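The exercises below are meant for a reader who meets this structure for the first time. Each one sets a task and then works through it step by step.

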Amino acid sequence: MARTDHLMLRSGHFKLGLFSANCSGGLAVTRVPERWDASWDGNLALSMLADDFGIDFMLPIARFAGYGGDTDFQGASLETLVWASALLASTQRMTVFATVHTAFCHPVLAAKQFATADQVGHGRFGLNIVAGWNQPEYELFGLELPPGHADRYAQAQEWWDVVRRIWTEDKPFDFQGRQFKLKNVSGRPRPFNGVPPILNAASSQEGRAFAAANVDFLFTVLIDLATSKAELPLLRAQSKAHGRELGVLTPTYVVCRPSKKEAEDYHRHYAEENADEKGLDRLLELQGLHAKSFPADAFKHLRTRFAGGHGSYPLIGDPDTVADEIEKIAAAGFDGATLAFVDYVMELPFFCTEVIPRLERKGLRIPLAR
Ligand SMILES: Cc1cc2nc3c(=O)[nH]c(=O)nc-3n(C[C@H](O)[C@H](O)[C@H](O)COP(=O)(O)O)c2cc1C
């Protein structure tokens, strides 16, 4: 199979995935009782639904410490590689990613684990590389967060070079890096069908440069459509200079209801009236977002966006509005988006039956071949 035949890598199809279902709370920093508990049974039920509706992929968050507050947002999370392997064994069609911190997982072990997961899924495994940012998580591993982005991405580059070479080179090799000094490295089996789809989650210039040089998709936050529209062609040119084609995905969160009013009312209910304010304070502090750096209105808006979906792009409204918003994201140059819901299993069917056919009619998605 050519790599471009992989369902995740085909062109002319705006990809949709589910993000953060492995974490308690998902992306919503809220106290409402129906918030996502990220149980295994919930994840399994969600994957079955998503696979059946033609959702293209599931993408987990790698998280090792919660955010405290009333709900300890993301305090419980299923480990992403074990989660991905089990979902790959239970689904038929979709790609399932693992999200892996390059600093916390030795690349020789990682290469074998990823190849094993890809064997389980007959080529449906995907890898999301994260270079790290969160000081408390480094402390939890007894490590120091490298102070600069350059150091973090240099470390990530070595890590990825080792993994990729294990998968693609015919003979055992020695590796002399700054961090890894390895002898006679090899690892079999290889992934099922060549290097699986690779994604890198990043915002900084260094992160984007790493993505342009190494991966299939950059996963990055959409702040506003005009900025992305200007930036994405530059990113694609950057990857072309490396002889690569970079796709770009962005996270969104969804409140889709039969009427716009119902959607807006529920969003206000969970993200404003019932936000987990203390958890939100901690999340914003760790992200370096402080009230004093913003005008009051802008900070309130940002807070709501973080309570609603961890700062991702809001898709709130009736099916027509949500489909039109996704069309705008595609027109800004994105190749796909992730979705998150307060209660993924309860809310996904309405989204899929109402919004996906609208996207197909707009020519954004290829209908599912049954
Ligand atoms: C959309 C998106 C998703 C991310 N997912 C994770 C994650 O699952 N776990 C994690 O520790 N960091 C995650 N990150 C953080 C990045 O991997 C990266 O470490 C962080 O953004 C700092 O690097 P940067 O300045 O290059 O963006 C994510 C970042 C973005 C933009």
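**Exercise 1.** How many nonpolar, polar and charged residues does the shell around the ligand have?

*Solution.* Before starting, note that this is a predicted model, in which local features need pLDDT of at least 70 and side-chain atom pairs count only at pLDDT 80 or more, while totals for chains, interfaces and linings use all residues. Residues are numbered from 1 along each chain as its sequence is written. Begin with the membership of the shell: 19 residues surround the ligand, where a residue is near a molecule if its C-beta atom, placed from the backbone, lies within 6 Å of it. The closest of them are V130, A201, S203, S204 and G207. Then sort by class, counting Ala, Val, Leu, Ile, Met, Phe, Trp, Tyr, Cys and Pro as nonpolar, Asp, Glu, Lys and Arg as charged, and the others, Gly among them, as polar. The result is 10 nonpolar, 8 polar and 1 charged residues.

**Exercise 2.** Describe the overall build of the protein, and explain why it is as compact as a globular protein of that length.

*Solution.* Start with the elements: there are 12 helices and 11 strands in the protein, taken as DSSP runs (helices H or I with at least four residues, strands E with at least two) that are numbered from the N terminus. Next compare the radius of gyration, which is 20 Å, with the 21 Å that the globule rule gives for 370 residues; the two are close, so the protein is as compact as a globular protein of that length. Here the radius is taken over C-alpha atoms, and the rule is 2.2 Å times the number of residues to the power 0.38. The box filled by the C-alpha atoms is roughly 60 × 50 × 40 Å along the principal axes. Finally, buried residues account for 44% of the 370 residues; a residue is buried if 20 or more other C-beta atoms lie within 10 Å of its own, exposed if 12 or fewer, and partly exposed in between, with C-beta atoms placed from the backbone.

**Exercise 3.** Which residues have the most contacts inside the largest nonpolar core, and which helix gives the most to this core?

*Solution.* A nonpolar core is a set of buried Ala, Val, Leu, Ile, Met, Phe, Trp, Tyr and Cys residues joined through C-beta atoms within 7 Å. The largest one has 94 residues, and those with the most contacts inside it are L18, M58, A84, V96, F97, V254 and L339. Helix α5 (residues 149-168) gives the most, with 7 residues. Taking L18 as an example and leaving aside neighbours within four places in sequence, we find L18 in contact (C-beta atoms, placed from the backbone, within 7 Å) with L46, A50, I55, M58, T338, L339 and Y344. A84 lies in helix α2 (residues 80-90), whose buried residues also include W83 and L87. The buried residues of α2 pack against α1 (40-53), β2 (57-59), β3 (95-101), α3 (107-120) and β4 (125-130).

**Exercise 4.** Trace strand β9 (residues 247-256) and find how many of its residues are buried.

*Solution.* In β9, 10 of the 10 residues are buried. G247, L249, P251, Y253 and V255 point one way, while V248, T250, T252, V254 and C256 point the other way. Strands pair if DSSP finds at least two bridges between them. On this basis β8 (residues 217-219) runs parallel to β9, joined by 3 bridges, and L218 stands opposite V248. Strand β10 also runs parallel to β9, with 5 bridges, and P314 is the bridge partner of Y253. Because 4 of the 5 residues of β10 (residues 313-317) are buried, this strand is largely enclosed by the rest of the structure.

**Exercise 5.** Is S20 buried or exposed, and is N184 buried or exposed?

*Solution.* Most residues other than glycine have a negative phi, and most peptide bonds are trans. S20, in the loop between β1 (15-19) and α1, has a positive phi of about 75°, and S20 counts as buried because 29 C-beta neighbours lie inside 10 Å. N184, in strand β6, has a positive phi near 55°, and N184 counts as exposed because 9 such neighbours lie inside 10 Å. As for peptide bonds, the one from R188 to P189 is cis, with omega near 10°.

How values were computed. Contact = placed C-beta atoms within 7 Å.
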